[in-house]
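Q: Could you walk me through this one while I have it open?

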Amino acid sequence: MMIQARRWKLLFALSPFWPTASVAAAFVPGRAGPKPTAAWLSPVPTTTPSADRRLVATSPRRRPDRFGGGGVVLRLGADDEGATATASGEGGTVLELTHPATGQLVTLIGTAHLSQKSNEQVTDMIETVRPDVVMIELDEARLERIGLTPEEMILPYATADDIMPPPTEDDIAFDADRPWWNFAREAFLDGLTRVGRAGLTAMYDDMSSGLGDDVVGGGEFLAAIRTAEKVAGTTPERTKIVLGDRDSLLTLRRAADLALRSGDPLGVMGRLSEANGEEMEELEAKVREGMPSDAAEAEVTAALIERIKADDDFRNRVFGRLEKEVPEFTQAFLTERDYIMAEAIHRERGAKKVVAVLGLAHLPGVAENLRKCFREEDRR
């Protein structure tokens, strides 16, 4: 049971999701964003990130780098001028995208939410780049998870609360022909959302407590905010924080809604558990081969997190399989949020340099959506 629980935690450590601490607080009026409507429940990007989840190396070049002792800059695709990817060694993965028309530099830092190395990498990168805007994978309600309140934010900040990707044809059809008993369905979704958030919050708390006092879930986001404050110095108005993620309640509700629409919600959970369990079991066996037989579970968990961060093939395989076998999960937790975070970044057109801190699972999709935005602007 402990091992199975860890495999679930490792999946979410790559950040399909990271909930608030208080379930009750999320339902206080004004805290959790707008009441979900069809548009809020059914946002789907027009871009399909899965088509380009694997980075393709074409003519790599070396450059001086303080993140892992040297980076390899890789082309993200032959059709996208200015978009580059920087592999930053053991610290994780960093993608750099340059707007071909404006020269704006967007640096995407992929992290694991329970990795001290990710926290350090975020600090180093922001100190080096000194961006005008820092986007983090949080919404306003989840600031409490990193020990902050909106009133305690020193730098000016914006949210992504009003970013709603267009619905799919299925969403439109469902909204036009809602059953007469939909009120009961909505009440059920409310309850399911509360239970899901409580469970995920407990899962993150348990995992972070097992890794030691120095590792806190979402610590990279606090590191990003504090480092941005440090870089801003005596002119905080020159640096902006963007809370670029969708409200966590809406994400959970969306996942529950899609599972119900499938007609087999228990089957959705079963497929997710099977696919994730099989992939994590195989990886764990490989990691344990290089560790003492009496290694503590916390050591195994930490080693697994760093291995997942470093293994592109594993991440591509896991999320490719989940997208194929459990599309309800990837649509709600990955695809839609990739679009929202990319749009939140793209809004900051006036910034010369943007650094975005987000889970590794979001890196390919956010990059692809940004590249699409760049292409559309370049054609105007």
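Q: In which sense do β5 and β9 pair, and over how many bridges?
A: In this predicted model, β5 and strand β9, which covers residues 353-359, pair in the parallel sense, and the pairing runs over seven bridges. Within that pairing, Leu108 stands opposite Ala356 in β9.

Q: And in what sense does β5 pair with β4?
A: Strand β4, residues 93-98, and β5 pair in the antiparallel sense over six bridges, and one of the bridge partners there is Leu105 in β5, which is matched with Thr98. The hairpin of β4 and β5 has six residues between the strands, and in that hairpin Gly103 takes a positive phi near 80°.

Q: Why call β5 largely enclosed?
A: Because six of the seven residues of β5 are buried, the strand is largely enclosed by the rest of the structure.

Q: Take Thr107, then: where is it, and is it buried or exposed?
A: Thr107 sits in strand β5, residues 105-111, and with a relative accessible area of 0% Thr107 is buried, since the cut-off for that word is under 20%.

Q: What is Thr107 in contact with, neighbours within four places in sequence aside?
A: With those neighbours left aside, Thr107 is in contact with Val94, Leu95 and Glu96, with Met125 and Val129, and with Val354, Val355 and Ala356. Of the strands already discussed, β4 spans residues 93-98 and β9 spans residues 353-359.

Q: Switching to helices, how do the axes of α11 and α12 cross?
A: The axes of helix α11, residues 312-325, and helix α12, residues 327-346, come within 5 Å and cross at roughly 120°. That angle makes α11 oblique to α12.

Q: Which residues meet there, and what classes are they?
A: On the α11 side, Phe319, Leu322, Glu323, Lys324 and Glu325 meet Pro327, Phe329, Thr330, Leu334 and Thr335 of α12. By class, this contact of α11 with α12 has five nonpolar, two polar and three charged residues.

Q: How far does α9 reach, and which of its residues are buried?
A: Helix α9, residues 265-289, has 25 residues and reaches 37 Å from its first C-alpha to its last, which is close to the 36 Å expected at 1.5 Å a residue. The buried residues in α9 include Gly267, Val268, Leu272, Ala275 and Asn276, and further along Met280, Leu283 and Val287; Glu279 and Glu284 are also among the buried ones.

Q: What about Ala228, buried or exposed?
A: Ala228, found in helix α7, residues 219-232, is buried, with a relative accessible area of 1%. Leaving aside neighbours within four places in sequence, Ala228 is in contact with Ile126, Val134, Leu155, Thr239 and Ile241. As for Ile241, that residue and Ala228 are 13 residues apart in sequence and 8.1 Å apart in space, C-alpha to C-alpha.

Q: Which backbone angle should I look at for Arg130?
A: Look at phi, which is near 55° for Arg130, a positive value in a residue other than glycine. Arg130 is found in the loop between α4 (116-129) and β6 (133-136), and with a relative accessible area of 46% Arg130 is partly exposed.

Q: And the chain overall, how many helices and strands are there?
A: The protein chain has 13 helices and nine strands, and buried residues make up 54% of its 380 residues. Among contacts between residues at least 6 apart in sequence, 79% join residues at least 24 apart.

Note on methods:
Residues are numbered from 1 along each chain as its sequence is written. This is a predicted model: local features need pLDDT of at least 70, side-chain atom pairs count only at pLDDT 80 or more; totals for chains, interfaces and linings use all residues. Side-chain values use heavy atoms; hydrogens and water are left out. Helices (H or I, at least four residues) and strands (E, at least two) are DSSP runs, numbered from the N terminus. Buried means under 20% relative accessible area, exposed over 50%, partly exposed in between (1.4 Å probe, protein chains only). Contact means heavy atoms within 4.5 Å. The expected span of a helix is 1.5 Å times one less than its number of residues. Two strands pair if DSSP finds at least two bridges between them. Axes are lines fitted to C-alpha atoms, for helices over the stretch in contact, and angles run from 0 to 180 degrees between N-to-C directions. Angles under 35 degrees count as roughly parallel, over 145 as roughly antiparallel, 65 to 115 as roughly perpendicular and the rest as oblique. Ala, Val, Leu, Ile, Met, Phe, Trp, Tyr, Cys and Pro count as nonpolar, Asp, Glu, Lys and Arg as charged, and the others, Gly among them, as polar.
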